[in-house]
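Trainee: I'd like to go through the empty spaces and helix packing in this model. Can you take my questions one by one?

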Amino acid sequence: MASGERARYWQYAELPGVDLLHAHYIRKAFARHTHETFVFAAITEGVEAFHYRDDLVHAGPGQIALVNPDTPHTGHAGVPEGWTYRTIYPDAEIVRSIAADTLALRGSVGFTSPVVDDPYAARLVVGVHRAAEEGNALAADSLLRLVTARMLRSNGGIVAPLPPRSAGARNAARARALLEDRMVEPPTLERLAADLGTSPFALLRAFRDAYGMPPHTWLTDARVRRARQLLDAGTPPAEAAAVVGFTDQSHLNRHFTRSVGVPPGAYQRARGSAGPAARTYKTGPPELP
């Protein structure tokens, strides 16, 4: 990481289904990527800028950046001094269960705005982190549910069902399935389009419309997500790199860090460590605000 940047990506065993990231970034730039989970990022210092779908938005102190699962987004500093944030990544099923329990919302729920100005909610996110760091399971779980319910009430609802698929959308879905099956040795865009009976540019447009990024960017994101699953299962990073189609471990390291925020080795150690003290990846000062 660049000098002065630091990040801690970890899990608290008593808060299953939730990842935690506490980081300060200055020159860090997240590539366009997606998460299988929700993202609640409470900014404590500086400003984060990020592309969310087609818009460039900013989040500063007292605000929360919200990202729905499988939604393409980026991330970079919005001011020269960078940004500090505490992020929670709750599994989609956790958010759905809280929506059903508190608001009687059932089905696919999501958030309507990528940035919410709510200092109290931001303090709740910080509170989840601090409770987890202190080993206070009751507080961590309670605060997670409180902030999720608050965000759902102010900024959430049922995600509208997708319209019937056009021929282009069907081709995009078939292309995605083919890329998943041939992740290690993917075809060229021309070959992929020919296999689907369409033109390269028509497929490129349809894929971007359906998934928010071109096929090659989506494939890199899919490789990182699959690598995370392998790392969670204990696969060494070098082996995971080969399995998902990266040329070597350094190739995985570069793309993994641009999407997740920490290198794969640090991520794996954090996921497998027994206590918070061991779940740290830092290159700067020991404490974050």
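Mentor: Sure, we'll start with pockets and cavities and then turn to helix pairs. This is a predicted model, with pLDDT of at least 70 needed for local features and 80 or more for side-chain atom pairs, while totals for chains, interfaces and linings use all residues. Residues are numbered from 1 along each chain as its sequence is written, and side-chain values use heavy atoms, with hydrogens and water left out.

Trainee: Which element gives the most to the lining of the second largest pocket?

Mentor: On a 1 Å grid over the protein atoms alone, a pocket is an open set of points with protein on both sides within 12 Å along at least five of seven lines, a cavity is a set where a 1.4 Å probe fits but cannot get out, and lining residues have an atom within 4 Å of a point. This pocket is lined by 17 residues, with Asp19, Glu36, Thr37, Arg228 and Arg271 nearest its centre. Strand E1 (6–11), strand E2 (18–25), helix H7 (215–232) and helix H10 (264–272) each give two or more residues, where helices (H or I, at least four residues) and strands (E, at least two) are DSSP runs numbered from the N terminus. The top contributor, with 4 residues, is H7.

Trainee: How many charged residues are in that pocket's lining?

Mentor: Ala, Val, Leu, Ile, Met, Phe, Trp, Tyr, Cys and Pro count as nonpolar, Asp, Glu, Lys and Arg as charged, and the others, Gly among them, as polar. The second largest pocket has 4 nonpolar and 6 polar lining residues, and the charged ones number 7.

Trainee: What is the volume of the largest cavity?

Mentor: There are 2 cavities of 30 Å³ or more. The largest cavity is lined by 16 residues, and closest to its centre are Val39, Glu48, His73, Tyr85 and Tyr89. Its lining splits into 9 nonpolar, 6 polar and 1 charged. Grid points are joined across faces, edges and corners, and a volume is the space filled by probe spheres set on the points; here that is about 160 Å³.

Trainee: And which element supplies the largest share of the second largest cavity's lining?

Mentor: That cavity has a volume of about 50 Å³. Its lining includes His33, Asp221, Arg228 and Val260, and the classes are 2 nonpolar, 4 polar and 3 charged. H7 and H9 each supply at least two residues, but the largest share, 4 residues, comes from H7.

Trainee: Why is H7 called oblique to H8, and what is the term for their arrangement?

Mentor: Axes are lines fitted to C-alpha atoms, for helices over the stretch in contact, and angles run from 0 to 180 degrees between N-to-C directions. The axes of H7 and helix H8 (residues 237–244) come within 9 Å and cross at roughly 140°. Angles under 35 degrees count as roughly parallel, over 145 as roughly antiparallel, 65 to 115 as roughly perpendicular and the rest as oblique. That crossing angle therefore makes H7, relative to H8, oblique.

Trainee: Which residues in H8 meet H7?

Mentor: Contact means heavy atoms within 4.5 Å. From H7 come Arg223, Arg226, Ala227, Leu230 and Leu231, and they meet H8 at Pro237, Ala240, Val243 and Val244.

Trainee: What is the handedness of the crossing of H7 and H10?

Mentor: H7 and H10 pack at about 45°, with axes 9 Å apart. A crossing is left-handed if the near helix is turned anticlockwise from the far one by less than a right angle, and right-handed if clockwise. For H7 and H10, the crossing is right-handed.
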